[in-house]
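Trainee: Could we go through how the surroundings of a ligand are read from a model?

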Amino acid sequence: MSSIVDEVFGRFLESKIFANREFLRPEYIPDELPHREEQISRLASALAPILRGERGSNVFIYGLTGTGKTVVTKFVVRKLHNRAISLRLKFGHAYVNCRQSDTPYRVFADLAESVGVKVPFTGLSTAEVFRRFLRGLKANYSSFLVVLDEVDYLVKKYGDDVLYRIVRIGETIPSIKISVIGITNDINLVESLDMRIRSSLGEVEIVFPPYNAEQLKDILQRRAEKAFNPNALDEGVIELCAALAAREHGDARRALDLLRIAGEIAEREGAKKVTIDHVYKAREEIERDRVRELVYTMPLHAKLVLLAIYSMSMDKGYTITGEVYNQYTKFCKTIRVEQVTRRRVSDIISELDMLGLIQSKVVSRGRYGKTRIIRPVVKPDIVLKTLESDIRLEKIVKSIRI
Ligand code: ADP
Ligand code: MG
C-alpha cells in the first residue's frame, strides 16, 4: 500500500503540469482583470469620495454568474481599503455573502463581527444583533462600506427589510458616512424591491455583461501563465475551455474550472501536457458532479420519471409522454409504490426540463392531439449510475443497463 501512496506523492511533486494551481482557484484575486476596465473604473469613481472623508455612492451591481462581479468588487474594495488606511482614515468595510449567511441574523452577525463585535451563533434577537453592530460601528469608524454579495438569495427568502435597514443607517447615524454595494445574479431582483430601496441603492448601477469566447480566452491566458509550467498546455486547450464556457452564458468560473480540472486530470494520468482530450474529460467530470448533485436530492417519483425517460429513449434517442407514463407505471409496480397522476408526471417532466436534465418539446399529432417529444441531454451512463446508487432503484437500473 505504501508504495501506491509514494507513487502518487511522487507524481504530484514531479508534476510538469502546474507551476502553482492557486492562481486558478475561484477565491484568488488576480492583479489584473481584463475586459472589466469600465466596471472597475465606475465602481472606483463611485467609492472615491470616501478617500476625501465624504460618503461614497451606493452601488447596485448586476450580471449573470461568472461575469466577475465578486472579483471586481473585492479588487476595488481592497485597493480602497489600503488607500484609506494609508490616509489614516477611520474607514472599515464588511463583505457579506448572503447565500452563505442566509438569514437576517447571520447577515447582521457578519456585519457585527466586521466591526469587532462578537455575536453568538444563536440566542439573541435579530434586532439586538443589529444594535450591537451599530454600536461597534459608532465606536470605531467615521466611514464604512457594506458589501452584500448575492443579495438576491436574502431578498427572495426574507424580503427587502434587511436591505432597507442597512441603506438607512446613514439617516439614523449621520456622523458615519456609510455606503452600500448590493450585488445580484438575478437581474429581475430590482423590480421586486421597494421603490425607496431601489432609488437609494441604485445611485449608481453597474451591469456586468457575459464574456464572449475571445474575452474568456484572454482571461484564461493571463491566469494560465502563472498557474502552469511553460509548454504544459497543448495547442487549442485554452481556446476550447473558452469556447465551451462561452456557450454557458460566458461564465468565467466555468472556463477556469474546465482548465483547472483538465490540468488535474492530466496530472493524475502522468501526462506531460494538458490536451484537448483532457478538457473534454474535465467537462464530463463537471457534468457528472452537476447531475449527481441534482439527482441525489430528487424525490423518488421524479427519479422514476427520469429513469423512465432515459430507459425509453435508449434506442431512438427520444421518447414521448405516453411511453414515459407507461414505463413509469411499470417501475412503480416493480418496486411496489403507488403511482402519481398523469398530470403530476407531466409536471415532473417540465421540472426535469428546467433542471437541464432533459429537453422536451410539445408537438401536434393531428387528430391524436398533442404530445411531448422528450430527449435526454446528459450522457445516459451518468444519469443511470447516479440513479443506481439509490438502493430502491438499484435493481431496475441494473436490468436496464444490461
Ligand atoms: P460572479 O461574482 O459574477 O459570479 P466571479 O467574480 O466570482 O463571478 O468570477 C468567477 C471566476 O472568474 C472567479 O474565479 C474570478 O476570479 C474569475 N474572473 C472573472 N472575471 C475575470 C477577469 N476579468 N479576469 C480574471 N479572472 C476573472
Ligand atoms: Mg459572485
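Mentor: A polar contact is a pair of N or O atoms within 3.5 Å. In this predicted model, local features need pLDDT of at least 70, side-chain atom pairs count only at pLDDT 80 or more, and totals for chains, interfaces and linings use all residues. Residues are numbered from 1 along each chain as its sequence is written, ligands are numbered from 1 in the order in which they are written, and side-chain values use heavy atoms, without hydrogens and water.

Trainee: Which residue places a polar side-chain atom 2.7 Å from an oxygen atom of ligand 1?

Mentor: Thr70 does so. The backbone also takes part: a polar backbone atom of Val71 lies 2.8 Å from an oxygen atom of ligand 1, and one of Pro26 lies 3.3 Å from an oxygen atom of the ligand.

Trainee: Where does ligand 1 lie with respect to domain 1 and domain 2?

Mentor: Domain bounds come from an automatic or database domain assignment. Ligand 1 lies between domain 1 (37–208) and domain 2 (214–294), because both give residues to the shell around it.

Trainee: How do the residues of that shell divide into nonpolar, polar and charged?

Mentor: Ala, Val, Leu, Ile, Met, Phe, Trp, Tyr, Cys and Pro count as nonpolar, Asp, Glu, Lys and Arg as charged, and the others, Gly among them, as polar. Here the shell has 10 nonpolar, five polar and four charged residues.

How values were computed. A polar contact is a pair of N or O atoms within 3.5 Å; within protein, one must be able to donate a hydrogen and the other to accept it, and residues adjacent in sequence count only if both atoms are side-chain atoms.
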